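Reader: I am in my first year and still learning how to read a model like this one. Could you take me slowly through one part of it, the place where the metal is held, and explain what surrounds it?

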Amino acid sequence: MTDHDYDGIKELDNVLPPWWLYGFYITIAIGVFYYVQVFTNSETYSQKKEYAAEVEQGKKEIEAYKKAHPELYDDANLVALTDPADIEKGKELFATKTCTACHLADAGGSIGPNLTDDKWILGGGFKNIYTVISKGGRPDKGMISWESTISQKERQQLASYIISIQGTTPANPKAPEGDITWSKQ
Ligand code: HEC
């Protein structure tokens, strides 16, 4: 019985069950241990160190992946694709990525030059075509850089498609532009 007495109501002072009491002490101990481990920059473990280690590990994995798949990161190794599925995808992209707005659906040319003839302003062949799509044409001519909006693979498919239609005859071909002559054969 405690000495609390409120309007005749008394309070019993029971001994706490040991299992409860020890559970309580254990959680306090865990709390202190946890605090020291996580919030102080301890030698053995800290969130900051764990984070830094994981970032380090991630960077290593990216490097290893880049080494294992150079073709995905290095434009220099890209070549024209010949698989019909890639050409078909290139054709689809040519329409959906608004290339047709300036080059027309059959690539005969309107604002942009005819892409089917053998005259090139910026150079023919896969490498040049790929570079123009990636980096754009001369400033203020209207051909922008697409590398931030079209993936590498898709630019490769676009360039491959353009090469595949080389020598075809569009309905209203625009007069040849450019001093560089390049044709597929
Ligand atoms: C806003 C109009 C416009 C759009 C859209 C456009 N182009 Fe062009 N493109 C041009 C113009 C203009 C040039 C000529 C650039 C120059 O003279 O420097 C050009 C040049 C090119 C060339 C080089 C031709 C040469 O003779 O050297 C290629 C290849 C090409 N575009 C492909 C594409 C592809 C692929 C797309 C879609 C992703 C596209 N273009 C979208 C206007 C456009």
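Author: A residue is called buried when its relative accessible area is under 20%, exposed when that area is over 50%, and partly exposed in between. Please keep in mind throughout that this is a predicted model.

With that scale in hand, we can turn to the iron atom of the ligand, which is coordinated by H103 through its NE2 atom and by M143 through its SD atom, at 2.0 to 2.2 Å. These two residues bring together distant parts of the chain, for H103 belongs to helix α5 (residues 99-103), whereas M143 lies in the loop between α6 (125-135) and α7 (152-164), and the two are 40 residues apart. Around the iron atom of the ligand there are six donor atoms, and because the angles they subtend run from 86 to 178°, the arrangement is octahedral. For comparison, the ideal angles for six octahedral donors are 90 or 180 degrees.

The two coordinating residues can now be placed on the accessibility scale. H103 has a relative accessibility of 10%, and therefore counts as buried, while M143, at 26%, counts as partly exposed. H103 also takes part in other contacts: one of its polar side-chain atoms lies 2.7 Å from a nitrogen atom of the ligand, and its side chain reaches the backbone oxygen of P113 at 3.1 Å.

Looking beyond the metal to the ligand as a whole, we find 24 residues surrounding it, and the closest are C99, C102, H103, R138 and M143. Two of these are cysteines, and they can be judged by the scale with which we began: C99 has a relative accessibility of 12%, so it counts as buried, whereas C102, with a relative accessible area of 26%, is partly exposed. A student who sees cysteines may wonder about disulfides, and if a disulfide is taken as a pair of cysteine sulfur atoms within 2.5 Å, the count comes to zero.

The backbone contributes contacts with the ligand as well, since a backbone N or O atom of I121 lies 2.8 Å from an oxygen atom of the ligand, and a backbone N or O atom of L122 lies 2.8 Å from an oxygen atom of the ligand too.

Finally, it helps to set this site within the whole chain, which is divided into domain 1 (18-68) and domain 2 (75-181). The centres of domain 1 and domain 2, taken over C-alpha atoms, are separated by 53 Å.

Methods. Residues are numbered from 1 along each chain as its sequence is written. This is a predicted model: local features need pLDDT of at least 70, side-chain atom pairs count only at pLDDT 80 or more; totals for chains, interfaces and linings use all residues. Side-chain values use heavy atoms; hydrogens and water are left out. Donors are N, O and S atoms within 2.8 Å of the metal (3.2 Å for Na, K and Ca); water is not among the atoms, so sites may look incomplete. Four donors count as tetrahedral if all angles lie between 85 and 135 degrees; four count as square planar and six as octahedral if opposite donors are over 155 degrees apart and all others between 65 and 115; anything else is irregular. Helices (H or I, at least four residues) and strands (E, at least two) are DSSP runs, numbered from the N terminus. Buried means under 20% relative accessible area, exposed over 50%, partly exposed in between (1.4 Å probe, protein chains only). A residue is near a molecule or strand if one of its heavy atoms lies within 4 Å of it. A polar contact is a pair of N or O atoms within 3.5 Å; within protein, one must be able to donate a hydrogen and the other to accept it, and residues adjacent in sequence count only if both atoms are side-chain atoms. Domain bounds come from an automatic or database domain assignment.
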